[in-house]
Amino acid sequence: MKTYIPKANELERKSFLVDAQGQILGRLATRVATVLMGKDEPFYTPHMECGDQVVVINAKGIRVTGRKAKEKMYQRYTGYPGGRHSRTFEEVQAVEPEFIITEAVRRMLPKNRLAEKMLKRLRVYAGAEHRQTAQKPVPIQL
């Protein structure tokens with residue numbers, strides 16, 4: 001019995017719509033990362049990009065459990081002395097809620113060259129409106 005390996009032109013990409021309102025961040029991010037990698041498909045191949053597109057709406061309604069809203073920190077460093085900037089989950093959610101979901105999903109993807117291609121198929125919007133209506137995304141429950 002031979003193992004079936006799909007060709008790139010044989011893959012049929014689908015588009016999914018996820019509503020993040022009231023969802024827990026980690027549980028949502030793992031499910032979205034699984035769809036982006038294609039692990040939910042029967043023809044999953046680790047060395048190929050065989051996942052689907054995911055559109056996440058209502059990112060401002062995402063929540064975290066426990067005290068993470070006040071204690072979870074997002075840090076970046078400019079490379080210069082004194083250039084370390086830190087913000088809490090609440091501060092980031094007030095300014096750019098899309099970043100929270102994008103960053104959580106990015107960290108759950110594999111650490112290789114395919115991760116960048118997978119992340120390009122993720123669209124995150126703060127509100128209920130999105131620009132992917134032409135792709136006719138199928139709503140899924142997580």
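These questions and answers walk through a predicted model of one protein chain.

Reader: How many helices and strands does the protein chain have?
Author: The model is predicted. From the N terminus on, its elements run β-α-β-α-β-β-α-α-α-β-β. The secondary structure comes to five helices and six strands.

Reader: What share of the residues in the protein chain is buried?
Author: The C-alpha trace spans about 55 × 35 × 30 Å along its principal axes. Buried means under 20% relative accessible area. Of the 142 residues in the chain, the buried share is 39%.

Reader: Among contacts between residues at least 6 apart in sequence, what share joins residues at least 24 apart?
Author: Contact means heavy atoms within 4.5 Å. Among contacts between residues at least 6 apart in sequence, the share that joins residues at least 24 apart is 69%.

Reader: Which residues form the aromatic pair?
Author: The count comes to one aromatic pair. Its ring centres are 5.8 Å apart, with 70 degrees between the planes. Planes over 60 degrees apart count as edge-to-face, so this pair is edge-to-face. The partners are Tyr74 and Phe99.

Reader: How far apart in sequence are the parts that the pair of Tyr74 and Phe99 ties together?
Author: Tyr74 lies in strand 3, residues 73–77. Phe99 lies in helix 4, residues 97–108. The pair therefore ties together parts whose separation in sequence is 25 residues.

Reader: Is Tyr74 buried or exposed, and what does Phe99 count as?
Author: Buried means under 20% relative accessible area, and partly exposed runs from there up to 50%. Tyr74 has 7% relative accessibility, so Tyr74 counts as buried. Phe99 has 29%, so Phe99 counts as partly exposed.

Reader: At what angle do the axes of helix 1 and helix 4 cross, and what does that make helix 1 to helix 4?
Author: Helix 1 covers residues 25–37. Its axis and that of helix 4 come within 9 Å and cross at roughly 60 degrees. That makes helix 1 oblique to helix 4.

Reader: Which hand does the crossing of helix 1 and helix 4 have?
Author: Helix 1 passes helix 4. The hand of this crossing is right-handed.

Reader: How many residues of the contact of helix 1 with helix 4 are charged?
Author: On the helix 1 side, the contact residues include Leu25, Leu28, Val32 and Leu36. On the helix 4 side, they include Ile100, Ile101 and Val105. The contact has 12 nonpolar and two polar residues. The charged count is no residues.

Reader: Where is Ser15, and which residues does Ser15 touch?
Author: Ser15 is found in strand 1, residues 15–19. Its relative accessible area is 7%, so Ser15 is buried. Not counting residues up to four places away in sequence, Ser15 touches Gln53, Val55, Gln135, Lys136, Pro137 and Val138.

Reader: Which residues is Gln132 in contact with, leaving aside neighbours within four places in sequence?
Author: Gln132 is found in the loop between strand 5 and strand 6. At 9% relative accessibility, Gln132 counts as buried. Leaving aside those neighbours, its contacts are Gln53, Val55, Arg123, Tyr125 and Pro137.

Reader: Is Pro46 buried or exposed?
Author: Pro46 is found in the loop between helix 1 and strand 2. Its relative accessible area is 55%. Exposed means over 50%, so Pro46 is exposed.

Reader: What is the distance in space between Pro46 and Leu114?
Author: Pro46 and Leu114 are 68 residues apart in sequence. C-alpha to C-alpha, the distance in space is 9.4 Å.

Methods
Residues are numbered from 1 along each chain as its sequence is written. This is a predicted model: local features need pLDDT of at least 70, side-chain atom pairs count only at pLDDT 80 or more; totals for chains, interfaces and linings use all residues. Side-chain values use heavy atoms; hydrogens and water are left out. Rings of Phe, Tyr and Trp (its six-membered ring) pair if their centres lie within 6.5 Å; planes under 30 degrees apart count as stacked, over 60 as edge-to-face and the rest as tilted. Helices (H or I, at least four residues) and strands (E, at least two) are DSSP runs, numbered from the N terminus. Buried means under 20% relative accessible area, exposed over 50%, partly exposed in between (1.4 Å probe, protein chains only). Axes are lines fitted to C-alpha atoms, for helices over the stretch in contact, and angles run from 0 to 180 degrees between N-to-C directions. Angles under 35 degrees count as roughly parallel, over 145 as roughly antiparallel, 65 to 115 as roughly perpendicular and the rest as oblique. A crossing is left-handed if the near helix is turned anticlockwise from the far one by less than a right angle, and right-handed if clockwise. Ala, Val, Leu, Ile, Met, Phe, Trp, Tyr, Cys and Pro count as nonpolar, Asp, Glu, Lys and Arg as charged, and the others, Gly among them, as polar.
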